[in-house]
Amino acid sequence: MARPAHFSTKDRILGAAEALFALHGFAGTSLRQVTSQADVNIAAVNYHFGSKENLVNEVFRRRMDEMTAARMAQLEKARSEHPGELRPVLAAFVEPALAMAQDSQSGGAFVRVIARAYAEKNDNLRRFLSDHYGHVLRDFGRAISACVPDLSKEELYWRLDFLAGSLTYAMADFGLIKRPAGVTEAAHGAQAAQELIRFAEAGFRAAARSAATSASPAVTPPSLSTQ
């Protein structure tokens with residue numbers, strides 16, 4: 001008979017915090033609730049994380065590190081094997097995120113935590129994400145720009161923002177298209193990824209706005225996104 005998986009005290013705290021943040025939000029979750037659900041004492045939280053703020057950050061880190069590594073590896077492969085092609089670059093951005101959202105062990109709760117991050121506008125969390133993961137959007141921005149050089153930086157980042165928003169929506173599975181009966185979750189997710197990639201490619205390849213009609217101020221490249 002298989003033995004149950006062993007989870008460290010730190011893992012239990014992170015799992016409990018993620019589930020509670022998804023349900024109640026960051027402000028609405030107390031450390032007492034986390035310790036009760038994880039079956040640990042407050043000293044364990046202080047030992048491993050030091051503060052609630054750091055606990056919030058670490059909930060994101062354990063998911064974002066994995067997703068970022070997958071994205072960057074796929075992006076590097078796209079650049080080396082398909083130089084100048086936009087679709088593989090977009091796939092590197094979209095597919096790892098949707099794969100994580102479908103993971104029954106991690107996806108559902110974390111997607112709801114992402115939604116909380118957007119809704120609650122936690123400044124400390126935004127700073128943490130900007131410092132540790134802002135490079136991801138900038139790296140993808142450079143890769144996309146190499147494929148569609150006619151876009152200005154402002155247009156490029158508007159469209160990248162829209163892609164990130166669409167991806168968050170797709171991860172949450174809020175859309176009109178629901179998984180048909182008889183279609184596996186994996187197959188449905190793969191189709192969602194391909195549809196989003198195709199949609200994004202058309203958006204990035206849409207004609208650049210002429211300089212004569214551009215009156216907007218310069219846009220600062222994004223430094224923060226959970227997606």
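Biologist: At which residue of helix 5 does a kink lie, shortly before the proline Pro-96?
Modeller: In this predicted model, helix 5 comprises residues 86–102; helices are DSSP runs of H or I with at least four residues, strands are runs of E with at least two, and both are numbered from the N terminus. A bend at a residue is the angle between axes fitted to the seven residues ending there and the seven starting there. In helix 5 a kink of about 30°, shortly before the proline Pro-96, lies at Ala-92.

Biologist: How are the residues numbered, and which atoms do the side-chain values use?
Modeller: Residues are numbered from 1 along each chain as its sequence is written. In this predicted model, local features need pLDDT of at least 70, side-chain atom pairs count only at pLDDT 80 or more, and totals for chains, interfaces and linings use all residues, while side-chain values leave out hydrogens and water and use heavy atoms.

Biologist: How far apart are the end C-alpha atoms of helix 5?
Modeller: The expected span of a helix is 1.5 Å times one less than its number of residues. For the 17 residues of helix 5 the expected span is therefore 24 Å, and this agrees with the separation of its end C-alpha atoms, 25 Å.

Biologist: How many of the 17 residues of helix 5 are buried?
Modeller: A residue is buried when its relative accessible area is under 20%, exposed when over 50%, and partly exposed in between, using a 1.4 Å probe and protein chains only. Helix 5 is mostly covered, and of its 17 residues the number buried is 13.

Biologist: Which element of the protein chain has the highest mean pLDDT?
Modeller: The pLDDT is the predictor's confidence in each residue, from 0 to 100, and the protein chain averages 86. Helix 6 (residues 107–120) has the lowest mean among the elements, 82, while the highest, 96, belongs to helix 2.

Biologist: How many helices does the protein chain contain?
Modeller: Along the sequence, the pattern reads α-α-α-α-α-α-α-α-α. The protein chain has zero strands, and its helices number nine.

Biologist: Where in helix 4 is the kink centred?
Modeller: Helix 4 consists of 30 residues, so it should span 44 Å, and its end C-alpha atoms are 43 Å apart, which agrees. Helix 4 nevertheless has a kink of about 30°, centred on Arg-61.

Biologist: Which residue makes a side-chain polar contact with Arg-63?
Modeller: Arg-63 is found in helix 4 (residues 52–81) and counts as buried because its relative accessibility is 10%. A polar contact is a pair of N or O atoms within 3.5 Å; within protein, one must be able to donate a hydrogen and the other to accept it, and residues adjacent in sequence count only if both atoms are side-chain atoms. At 2.9 Å, such a contact joins the side chain of Arg-63 to that of Glu-18.

Biologist: On which residue is the kink of helix 7 centred?
Modeller: Helix 7 (residues 123–147) should span 36 Å, and its end C-alpha atoms are 34 Å apart, which agrees. At its start, a side-chain oxygen of Asn-122 comes within 3.1 Å of the backbone nitrogen of Asn-124. The kink in helix 7 is about 55° and is centred on Tyr-133.

Biologist: Which residues does Asp-139 touch, not counting residues up to four places away in sequence?
Modeller: Asp-139 has its place in helix 7 and counts as buried because its relative accessibility is 15%. Its C-alpha atom lies 8.7 Å from that of Met-72, although 67 residues separate the two in sequence. Contact means heavy atoms within 4.5 Å, and the residues Asp-139 touches are Met-72, Leu-75 and Arg-79.

Biologist: Is Ala-146 buried or exposed?
Modeller: Ala-146 also belongs to helix 7, and its C-alpha atom is separated by 8.9 Å from that of Glu-85, 61 residues apart along the chain. Its relative accessible area is 58%, so Ala-146 is exposed.

Biologist: What is the phi of Asp-39?
Modeller: Asp-39 lies in the loop between helix 2 and helix 3 (42–48), and its relative accessibility of 65% means that it counts as exposed. Most residues other than glycine have a negative phi. Asp-39 is not a glycine, yet its phi is positive, at about 60°.
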